[in-house]
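Me: Please walk me through this model. I want short answers, each ending on a value or a name.

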Amino acid sequence: MPVLPKSFETGIDAVDKVLPKGIPRNSLTILAGDLGTGKSVLMEQLLYSMLKIEKEPCIYMNFEGPPIALQQDMESFGWNIDRYFHSVTSALFTMMEEMKMMGKGAVFVDSLTEMFTLVQEERPLVFHMLDGVKSWRAKGPKERLVPFFCSHHTPLRAYADLDDLLFYVVDGIVDVRFNPGFADRGLLVKQFRVRKMKGAPHETYWVTFQVTPDGIVEVPLPVPVLTSDKPRTSKKK
Ligand SMILES: Nc1ncnc2c1ncn2[C@@H]1O[C@H](COP(=O)(O)OP(=O)(O)OP(=O)(O)O)[C@@H](O)[C@H]1O
Ligand SMILES: [Mg+2]
């Protein structure tokens, strides 16, 4: 078996900048954030880099729509994955076995929240989801050195308790948000930051980005426009 590096660089400039040694292959990372902040785009770009640059096998589990929806989304960036594409429904680990994913490749789950909402179980969702993530982490990143990336909607009131538990068991957390100061003024400025990444050096500041036709690109934080008509005393939250 060829020995691949224990970490890999994502090929996304804005991400590599804050993770100079890359992401360890034995990590399960959560991309956490509000609706529409860019989690799916970030995952799609990670997937594309992995396929195109690293040429490694990947599994993308998407619960937001049929497989064709992912292809169409990615097509809008010119990221054509037809020749890499296999529809994924179940048997994740059988598939990883068949695809000889050992020390290479990655698995993407978009989104964890949606996936576990679909699963009917007697137990409260929180525990079911937590068990699922723990077992994936053990069998995927740890045993096979195949990193997992899972998106997760926060903050949904129903999952508030879960988030703390979930964030505790995973190796990496990337927060994606709209900058709150600008959001107060009605401007949606996308940002991400690496909150946690076990086993790899990383910066923790917020990186401001835009979704461009080439994917995620770092941009400077806009200069706030100061209005004189209203003093900024009362703040929500
Ligand atoms: N093809 C595209 N071209 C330009 N901008 C895009 C494109 N796709 C997405 N975006 C931008 O990225 C934003 C967020 O998209 P994305 O679907 O990644 O959010 P998300 O965090 O996954 O949301 P959700 O939690 O609802 O799944 C869009 O609202 C849009 O501003
Ligand atoms: Mg999404």
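**Sheet, core and ligand shell**

Reply: The model is predicted. Start with one cross-strand pair: Phe 192 stands opposite Val 207, which lies in β9.

Me: Which residue in β9 stands opposite Gln 191?
Reply: β8 covers residues 190-197 and β9 covers residues 207-212. Two bridges join these antiparallel strands. Opposite Gln 191, in β9, stands Thr 208.

Me: Which residue in β8 is the bridge partner of Arg 177?
Reply: β7 runs over residues 172-178 and is antiparallel to β8. Asp 175 has its partner in β8 too, namely Arg 193. For Arg 177, the partner in β8 is Gln 191.

Me: How many bridges join β7 to β8?
Reply: Strands of a sheet pair through backbone hydrogen bonds, parallel or antiparallel. The β7 and β8 strands take the antiparallel form. The bridges between them number seven.

Me: Through how many residues does the hairpin join β9 to β10?
Reply: β10 covers residues 215-218 and runs antiparallel to β9, with four bridges between them. One of the pairs is Gln 210 with Val 217 in β10. The hairpin that joins β9 to β10 does so through two residues.

Me: What is the strand order of the open sheet?
Reply: The sheet has eight strands and mixed pairing. Its edge strands are β4 (58-62) and β10, each pairing on one side only. Neighbouring strands are turned by 25° against each other on average, direction ignored. The order is β4-β5-β6-β3-β7-β8-β9-β10.

Me: Which element gives the largest share of the largest nonpolar core?
Reply: That core has 45 residues. Leu 31, Leu 47, Cys 58, Phe 108 and Phe 149 touch the most other members. The largest share is seven residues, and they come from α2.

Me: Leaving aside its neighbours within four places in sequence, which residues is Phe 108 in contact with?
Reply: Contact here means C-beta atoms within 7 Å. Phe 108 is one of the core residues that touch the most other members. With close sequence neighbours left aside, its contacts are Met 43, Leu 47, Cys 58, Tyr 60, Met 61 and Phe 149.

Me: Is Leu 46 buried or exposed?
Reply: Leu 46 sits in helix α2. The cut-off for burial is 20 or more other C-beta atoms within 10 Å. Leu 46 has 25 within that distance, so Leu 46 is buried.

Me: What separates the C-alpha atoms of Leu 46 and Val 15?
Reply: Leaving aside neighbours within four places in sequence, Leu 46 is in contact with Thr 10 and Phe 149. Val 15 is 31 residues from Leu 46 along the chain. Their C-alpha atoms are separated by 9.8 Å.

Me: Which helix gives the most to the shell around ligand 1?
Reply: The residues around ligand 1 include Gly 33, Gly 36, Thr 37, Gly 38, Lys 39, Ser 40 and Val 41. His 153 and Val 211 are also among them. The top contributor gives three residues and spans 39-52: helix α2.

Me: How many polar residues does the shell around ligand 1 have?
Reply: By class, four residues of the shell are nonpolar and one is charged. The polar residues number seven.

Terms used:
Residues numbered from 1 in each chain as written. Chains lettered and ligands numbered in written order. Predicted model: local features only at pLDDT ≥ 70, side-chain atom pairs only at ≥ 80, totals over all residues. Near = placed C-beta within 6 Å. Nonpolar A, V, L, I, M, F, W, Y, C, P; charged D, E, K, R; others polar. Buried ≥ 20, exposed ≤ 12 C-beta atoms within 10 Å, placed from the backbone. Contact = placed C-beta atoms within 7 Å. Pairing = 2+ DSSP bridges. Core = buried A, V, L, I, M, F, W, Y, C linked by C-beta atoms within 7 Å. Axes fitted to C-alpha atoms, helices over the stretch in contact; angles between N-to-C directions.
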